[in-house]
Amino acid sequence: MGELTANAVTHGRVPGRDAELRLSREGGGHVRIEVSDARGERLPEARDAGSEEDGGRGILLVAALAEEWGTAPRPGAPGKTVWAVVATAPVGG
């Protein structure tokens, strides 16, 4: 899920402000990944990038690999948090 961090650095950067990465263990063999940046007006969107574009597919990858993902206002600071919950073990038997 380095894509979330790469997006924060590429699209969420504001001079003088840093991005923040948080990982937490969830129940049921899941990990929650949260990346916060200072650009609250720039929310990610899953979109189908054209074949000639160099980027624009990251959130589609996150959506495909994560159990769920979303955005929220950044607590205690300007900006947003993009989060994803991913399984740490194979699903099923």
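Let's start with how burial is counted: a residue is buried under 20% relative accessible area, exposed over 50%, and partly exposed in between, using a 1.4 Å probe and protein chains only. By that rule Glu 20, at 35% relative accessibility, is partly exposed.

Before going further, keep in mind that this is a predicted model, where local features need pLDDT of at least 70 and side-chain atom pairs count only at pLDDT 80 or more, while totals for chains, interfaces and linings use all residues. Residues are numbered from 1 along each chain as its sequence is written, and side-chain values use heavy atoms, with hydrogens and water left out.

Now to the charged pairs. A salt bridge here is a side-chain nitrogen of Lys or Arg within 4 Å of a carboxyl oxygen of Asp or Glu. Searching the whole structure turns up six of them. One of the six joins Glu 20 to Arg 74, with 3.9 Å between the closest N and O atoms. This pair ties together distant parts of the chain, 54 residues apart: Glu 20 sits in strand E1 (residues 20–26), and Arg 74 in the loop between strand E3 (68–73) and strand E4 (80–87). Those labels come from DSSP runs numbered from the N terminus, with helices (H or I) needing at least four residues and strands (E) at least two. While Glu 20 is partly exposed, Arg 74 is buried, at a relative accessible area of 15%.

Next, look at Glu 34 and Arg 32, another salt bridge, whose closest N and O atoms are 2.6 Å apart. Glu 34 counts as buried at 17% relative accessibility, and Arg 32 as partly exposed at 21%. Zoom out a little and you'll find that Glu 20, Arg 22, Arg 32, Glu 34 and Arg 74 are linked in a network of salt bridges.

Then there's Asp 37, which pairs with Lys 80 in a salt bridge, the closest N and O atoms being 2.8 Å apart. Here too distant parts of the chain are linked: Asp 37 lies in strand E2 (residues 30–37) and Lys 80 in strand E4, 43 residues apart. Both partners are buried.

Lys 80 also leads us to Pro 73. Leaving aside neighbours within four places in sequence, Pro 73 is in contact (heavy atoms within 4.5 Å) with Gly 79, Lys 80 and Thr 81. Pro 73 belongs to strand E3. Is Pro 73 buried or exposed? With a relative accessible area of 71%, Pro 73 is exposed. As for Glu 41, 32 residues from Pro 73 along the chain, the two C-alpha atoms are separated by 10.0 Å.
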